Amino acid sequence: MRGIFFSIDAILALLIAFSLSAFILNAIAGLPDPSLSSSQPEKLADDALISMDKSGVLKNALESKSAIPLKEFARVFPSNICYRVEISGENEGVIIADENCACKTYSISRRNFIISGSTTSIYLAEMRVCYKK
Amino acid sequence: MRGQLFSFDFLLAISIILFIFALSMFVSENTASSINRREAEFDIQRAADSALSQLVETPGNPTNWHTPDFTDANVKSIGIAASRNELDPDKTSRLFFIANSNFGNYSLVKRILALDLPSSNFSIAISNASKYAIFETMVSPAGTASVHSFSRIAIFENEPVLVNLRMWVEK
């Protein structure tokens with residue numbers, strides 16, 4: 001009788017010990033790997049929009065109604081980066097868009113820019129950037 | 001009978017205690033080394049982010065840092081931007097000329113960019129959309145070093161370029 005009682009006790013202790021150790025090991029394994037570049041996509045998205053604006057790429061894309069200037073510019077991105085860029089008008093929705101691949105989550109940057117001609121129009125450029133999986 | 005029972009009980013208890021002790025030693029060592037590694041890597045990230053921002057977003061201090069002699073006394077910070085994300089060709093070529101001229105100047109550039117973390121080195125490359133390096137520093141990591149790479153996008157002579165900063169810790 002005592003033997004059976006002791007055996008249940010021991011099994012229970014072992015179960016607790018093993019489940020505790022499994023929990024701890026799992027917690028360690030589950031820690032996210034240190035990401036050195038968590039801020040990188042955000043900065044690249046900002047940089048890309050500023051550079052596109054300053055070099056006239058956004059204006060060229062709008063005037064030619066083509067995504068080719070955007071695509072040409074985006075060749076500069078590191079090869080491990082996915083992007084999606086959109087240009088929208090005030091009341092027109094998305095006018096031009098380009099992307100190389102898709103991700104579940106992106107770092108997003110937006111920039112307003114003005115094109116002056118016979119009339120002045122305000123446009124919104126949006127850049128989404130993420131690491132390729 | 002009682003002695004035998006006690007002995008088995010005792011052995012089991014001791015082995016469980018030893019197991020838990022060994023596990024906690026393993027966990028604490030692992031956690032400590034993981035935290036140290038992260039701290040070191042975050043230091044590298046902070047230094048690289050700040051150096052790249054300084055280079056790509058500012059003209060440097062003084063703004064004509066590229067014209068006088070390149071010394072600690074003359075140059076407070078190095079920036080190669082004419083305006084944000086727009087690189088100045090003169091400052092850019094001067095920076096790479098200085099960094100590649102001798103190891104003393106490379107170390108001075110490293111110090112002014114605040115990249116002088118213990119045992120670490122850096123390299124900077126500016127490449128165009130065809131991935132061709134227009135400018136690059138000559139120092140490169142040994143095969144064993146783990147290299148961290150950080151990039152920013154800018155315009156150089158109206159063409160997009162990738163400014164890539166690599167940092168590594170010498171083993």
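**A walk through chain B and one helix of chain A**

Chain B has three helices and eight strands. Keep in mind that this is a predicted model. Reading from the N terminus, the elements of chain B go α-β-β-β-β-α-α-β-β-β-β. The radius of gyration of chain B is 25 Å, well over the 16 Å from the globule rule for 171 residues, so the chain is more spread out than a compact globule. You can see that in the C-alpha trace too, which spans about 95 × 35 × 30 Å along its principal axes.

What about the inside and the outside of chain B? Buried residues account for 42% of its 171 residues. Take the contacts in chain B between residues at least 6 apart in sequence, and 60% of them join residues at least 24 apart. The accessible surface of chain B is about 9,000 Å², with 59% of that belonging to carbon and sulfur atoms. As for charge, chain B carries 14 positive and 17 negative charges, and their mean positions sit 5 Å apart.

Now hop over to chain A and zoom in on helix α3, residues 57–64, where V57(A), L58(A), A61(A) and L62(A) are buried. Looking down the axis of α3(A), these buried residues fall within an arc of 135 degrees, so they line one face of the helix. The general pattern helps here: an α-helix has 3.6 residues a turn, so residues three or four places apart point the same way.

And what do the buried residues of α3(A) pack against? Their partners in chain A are the helices α2 (40–54) and α4 (68–74), along with the strands β1 (81–89), β2 (93–99), β3 (107–116) and β4 (120–131). After α3(A) comes K65(A), which has a positive phi near 50 degrees.

Key. Residues numbered from 1 in each chain as written. Chains lettered and ligands numbered in written order. Predicted model: local features only at pLDDT ≥ 70, side-chain atom pairs only at ≥ 80, totals over all residues. Heavy atoms only, no water. Helix = DSSP H or I, 4+ residues; strand = E, 2+ residues; numbered from the N terminus. Rg over C-alpha atoms; globule rule 2.2 N^0.38 Å. Buried < 20%, exposed > 50% of the residue type's maximum accessible area, 1.4 Å probe, protein only. Contact = heavy atoms within 4.5 Å. Areas by Shrake-Rupley, 256 points an atom, 1.4 Å probe, with all protein chains shown as cover. Lys, Arg positive; Asp, Glu negative; His and termini not counted. Charge placed at Lys NZ, Arg CZ, Asp CG, Glu CD. Arc of directions from axis to C-beta.
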